[in-house]
Amino acid sequence: MRKELSPFWLLFILTGLNLLNYLDRFVLNAVHTPLAQDFGIDYGDSGRTVTAFMIGYFATSPFFGYLGDRLSRKWLIAFGIFVWSLGTLLTGFASGFATLLLFRVLVGLGEASYATISHSLLSDAFGPTKRNNALTVFYVAIPVGAALGYLIGGEISAHWGWRYAFIWAGLPGLLMALVLLPFREPRRGQADLSEGQTLPKPTLKDYGKLFGNGKYQLVIWGYVAYTFAQGAFAFWGPTFLETVHHLPAPKPDRFFGGVLVVAGLVGTLSGGFLASAWQKKNPAGYAWLLASATLLAVPAAFAALLASNTIAAMSLLAVTMFLLFLSTGPINTLIIESVPVNLRASAMALSIFMIHLFGDMWSPEIVGRLADAWGKDLQKGVLILPGVLFIGGVLWLALALKTVSAARARMAAQSMALRT
């Protein structure tokens, strides 16, 4: 009989794979300027490379969510790692812009399988008291992987060309795709159910309840706004510093890579652990963290994008990124804990579908098109992003107030029941 990995080793392996996931994704952000010059495309078409990735990512996520609640998750994860790594490697061999878009769709498809399923494995390995901290550690891979994407992509591109950046980024995943297959995966719901208790298979009616779940919907629509802004910031950030503040390449990539490591690590970890402590004292602790961090990021982002001084702009961008990373762990914990146990993979899949369909699938291209329309002025284009962040913060504030109201109603009902 195959041995089940301990929760620690499962978290360690999945976090490492998630790091490769984001490294492969963010290599494009580091090299899109020389890539655009090579293919002769403008800002809008450059943003379309992200749109192509998101088509593969969000369009297939419901399919993998459905499979993730029914089939072996380790095999689905292995498939996803292999496909996204192959797509990354092939991007380096793209013969034209249309071919490049096709390979980015392939990368998105592979990442959809991993992203929808890995959370449910961790949720089955860690109970409610440890789950948010485990997911926080898992999501530390976002800033580290993204930073490596910027740094490795920028350095390889500067020395050997943008094609080699994709080739070298894709190779490790091809070797790591099968790492989970020798082990037995956790039983679905084992951290939440008693011994011998099993989960029913989700029905179409169960899926429909996700759309009527007010708490889940507020989490997701706030996440949509957050992802819209964050995706465009990530894509256009280096180009903003190149064109508005005239920093020569690869300095902007090095800046974003360094800030992602520091602000991402410190922000993700401190936000996750702070949210866990807040949640112990307040039933809306996770939601209060999301709302307060995002609303604080709004004025910092406006100031960063309007600053004429380069050092001030870079410092404020770093502050904005730190504030945004505070929310990384609690967002996903709320998604998982606001739905029934047997719908976790499907709930994560629907969240991926929504945040990318209405969020960062379009935001880099929208910012690029606005910049083109306003006389190739990228500074004007990115100014829509703090406004979108404000919408997300307000939605998460509504989630916190709704959670507090529901908790008070439960306490009142319990008090009344005791008196009678």
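1. A residue counts as exposed when its relative accessible area is over 50%, as buried when that area is under 20%, and as partly exposed in between. Phe8 reaches 54% relative accessibility and is therefore classed as exposed. Trp9 has a relative accessible area of 45%, so the class for Trp9 is partly exposed. The model discussed here is a predicted one.

2. On the overall fold, the protein chain contains 17 helices and 0 strands. Its radius of gyration is 21 Å, close to the 22 Å expected from the globule rule for 420 residues, and the chain is therefore as compact as a globular protein of that length. Along the principal axes, the C-alpha atoms occupy a box of roughly 70 × 50 × 35 Å.

3. On burial and contacts, 58% of the 420 residues in the protein chain are buried. Of the contacts with a separation of 6 or more, 85% are between residues 24 or more positions apart.

4. On the surface, the protein chain exposes about 16,800 Å², and 70% of this area comes from carbon and sulfur atoms. The chain carries 30 positive and 20 negative charges, and the mean positions of these two sets lie 11 Å apart.

5. The aromatic pairs number 15. In the pair formed by Phe8 and Trp9, the ring centres are 5.3 Å apart and the planes stand at 80 degrees; the pair is edge-to-face because its angle is over 60 degrees. Elsewhere, ring pairs join Phe39, Phe97, Trp162 and Phe166 into a cluster.

6. Two members of that cluster, Trp162 and Phe166, are among the buried residues of helix 7, which spans residues 162-176. The other buried residues of this helix are Ala165, Ile167, Ala169, Gly170 and Gly173. Which helices do the buried residues of helix 7 pack against? They pack against helix 1 (7-39), helix 3 (73-91), helix 4 (97-125) and helix 6 (141-160).

7. Leu28 belongs to helix 1. Its relative accessible area is 3%, and Leu28 is therefore buried. Beyond its neighbours within four places in sequence, Leu28 is in contact with Leu35, Thr49, Val50, Arg104 and Phe166. The last of these, Phe166, also appears in the aromatic cluster. Leu28 and Thr91 are 63 residues apart along the chain, while their C-alpha atoms are separated by 9.6 Å.

8. Thr239 is situated in helix 9. With a relative accessible area of 5%, Thr239 falls in the buried class. Which residues does Thr239 contact when its neighbours within four places in sequence are left aside? The contacts of Thr239 are His32, Thr33, Tyr43, Val244 and Leu378.

9. Ser351 sits in helix 14 (residues 344-360). Ser351 has 1% relative accessibility and so counts as buried. Apart from neighbours within four places in sequence, its contacts are Tyr216, Ile220 and Ile335.

10. Ser308 is placed in the loop between helix 11 (285-306) and helix 12 (310-325). Is Ser308 buried or exposed? At 73% relative accessibility, Ser308 is classed as exposed. From Ser308 to Ala412 the C-alpha to C-alpha distance is 54 Å, with their positions 104 residues apart in sequence.

11. Backbone geometry deserves a remark at two loop positions. His246, although not a glycine, has a positive phi of about 60 degrees. His246 is located in the loop between helix 9 (214-243) and helix 10 (251-281). His246 has a relative accessible area of 62% and is therefore exposed.

12. The second position is Lys376, which is likewise not a glycine and has a positive phi of about 60 degrees. Lys376 occurs in the loop between helix 15 (363-373) and helix 16 (378-382).

Key
Residues numbered from 1 in each chain as written. Predicted model: local features only at pLDDT ≥ 70, side-chain atom pairs only at ≥ 80, totals over all residues. Heavy atoms only, no water. Helix = DSSP H or I, 4+ residues; strand = E, 2+ residues; numbered from the N terminus. Rg over C-alpha atoms; globule rule 2.2 N^0.38 Å. Buried < 20%, exposed > 50% of the residue type's maximum accessible area, 1.4 Å probe, protein only. Contact = heavy atoms within 4.5 Å. Areas by Shrake-Rupley, 256 points an atom, 1.4 Å probe, with all protein chains shown as cover. Lys, Arg positive; Asp, Glu negative; His and termini not counted. Charge placed at Lys NZ, Arg CZ, Asp CG, Glu CD. Phe/Tyr/Trp six-rings, centres within 6.5 Å; stacked < 30°, edge-to-face > 60°.
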